[in-house]
Amino acid sequence: MKKSKFLAILLVVAMMIAVLSGCAGEGTGTTDDESEAPTKFALFMTHMSNAFTIELSDAVKAQAEELGVELTVNDAGQDVAKQISQIETAVNQGVDGIIIEPVSVDGIIPAVQMAKEAGVTVVIVNQQISDPSAADAYVGVSNADGGEMEMTKAAEDIGGEGNVAFLLGPMGSDAQIGRSEGYQRVLDKNAGINKVFESTAEWDTAKALSLVENWLQAGKNIKAIVAQNDGMALGALKAVEDANLQDSIKIYGLDATPDALAAVKEGRLTATVSQSTTAQGTEAMKACYAIANGETVDSEILVDFTLITKDNVDDFL
């Protein structure tokens with residue numbers, strides 16, 4: 001009797017263990033990784049008013065779709081306060097990762113720090129911030145190298161001497177600072193080149209047109225106009241063509257936008273520089289998703305510049 005009772009108890013204990021094991025197995029049927037996989041991301045653009053920023057945002061969106069995640073795109077309209085507010089809103093809404101093309105290299109730092117403190121992955125794209133360590137990664141280009149490539153071509157074309165005018169991006173932006181640094185590297189090696197005009201047109205075609213119209217009236221015998229993006233270069237081109245000076249003034253841009261490439265092929269724009277825009281957007285989204293998933297990526301991912309002239313423009317059209 002005692003033996004039967006003992007065996008019965010053992011059987012009950014064994015059944016309880018089996019039931020508990022089964023429950024534990026059911027509880028782990030859906031892993032924590034699957035339930036917590038990052039799905040919500042946001043992109044913050046400085047503006048969405050030219051071909052470059054549209055191409056960049058489209059590339060991020062296309063990669064997000066390929067990854068199967070939700071992406072919200074925000075346009076700051078060149079307003080750093082607005083961009084900060086947009087980032088704060090996204091973080092409060094519980095996004096897993098954000099990609100920022102910063103309006104200001106300094107002004108955006110508090111928002112980046114706030115996002116990181118909230119556990120949100122932060123990737124900076126195209127324009128580096130003044131404290132790179134505040135973000136998880138940077139995807140873009142060395143703007144100084146791009147400016148140097150563009151200005152080197154201009155210096156060669158005018159034989160290392162003559163008057164040159166410069167159209168700059170928004171003052172204080174990483175692209176403006178870096179590309180200006182690249183220009184200066186070349187100027188330091190070419191004492192015969194004189195900087196006669198230098199002003200920001202804030203990436204805007206119409207503002208560049210107006211500026212160059214005024215410059216041309218000053219009678220400075222400009223030999224080249226070097227613009228920090230294609231939009232401003234095309235504005236300069238219109239002013240020069242309206243003044244019938246296209247045979248004496250060479251114009252250079254940067255971004256390799258469709259309109260600029262067409263102008264290069266026609267021989268109207270002397271050159272532009274590609275900064276692999278689509279690759280920047282694609283790699284930025286890939287990096288943000290990977291980091292949010294706990295993977296390790298390089299803190300700096302750089303893509304290449306390419307000089308585009310009439311000789312190789314067909315490769316990019």
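This report covers the nonpolar cores and the salt bridges of a predicted model.

## The largest core

The largest nonpolar core has 31 residues. Those with the most contacts inside it are Leu167, Val212, Trp215, Ile222, Ile225 and Ile251. Five elements give two or more residues to this core: strand S6 (162-168), helix H8 (205-216), strand S8 (222-227), helix H9 (230-242) and helix H10 (258-265).

Which residues does isoleucine 251 contact, leaving aside its neighbours within four places in sequence? The list is Ile225, Ala233, Ala236, Leu237, Val240, Leu269, Thr270 and Ala271. Ile225 appears again here as a contact of isoleucine 251; both residues are named among those with the most contacts inside the core.

## A second core

A second core is separate from this one. It has 21 residues, including Ala42, Phe44, Val91 and Ile129.

## Salt bridges: a count and a first pair

How many salt bridges does the model have? The count comes to 14.

One of them joins glutamate 202 and lysine 207. Their closest N and O atoms are 2.5 Å apart. Glutamate 202 has a relative accessible area of 37%, so the residue is partly exposed. Lysine 207 has 41%, so this partner is partly exposed as well.

## Pairs that link distant parts of the chain

Glutamate 241 forms a salt bridge with arginine 268, with the closest N and O atoms 2.8 Å apart. The pair links distant parts of the chain, 27 residues apart. Glutamate 241 lies in helix H9, and arginine 268 lies in the loop between H10 and strand S10 (272-274). The relative accessible area of glutamate 241 is 26%, which means that the residue is partly exposed. Arginine 268 has a relative accessibility of 37% and also counts as partly exposed.

Lysine 265 and aspartate 314 meet through their side chains in another salt bridge, at 2.8 Å from N to O. Where do the two partners lie? Lysine 265 is in helix H10, and aspartate 314 is in the segment after strand S12 (306-308). They are 49 residues apart, and this pair too links distant parts of the chain. Is lysine 265 buried, partly exposed or exposed? Its relative accessibility is 40%, so lysine 265 counts as partly exposed.

## A shared network

Some salt bridges share partners. They join Asp145, Glu148, Glu181, Arg185 and Lys189 into one network.

How values were computed
Residues numbered from 1 in each chain as written. Predicted model: local features only at pLDDT ≥ 70, side-chain atom pairs only at ≥ 80, totals over all residues. Heavy atoms only, no water. Core = buried A, V, L, I, M, F, W, Y, C linked by side-chain atoms within 4.5 Å. Buried < 20%, exposed > 50% of the residue type's maximum accessible area, 1.4 Å probe, protein only. Helix = DSSP H or I, 4+ residues; strand = E, 2+ residues; numbered from the N terminus. Contact = heavy atoms within 4.5 Å. Salt bridge = Lys/Arg side-chain N within 4 Å of Asp/Glu carboxyl O.
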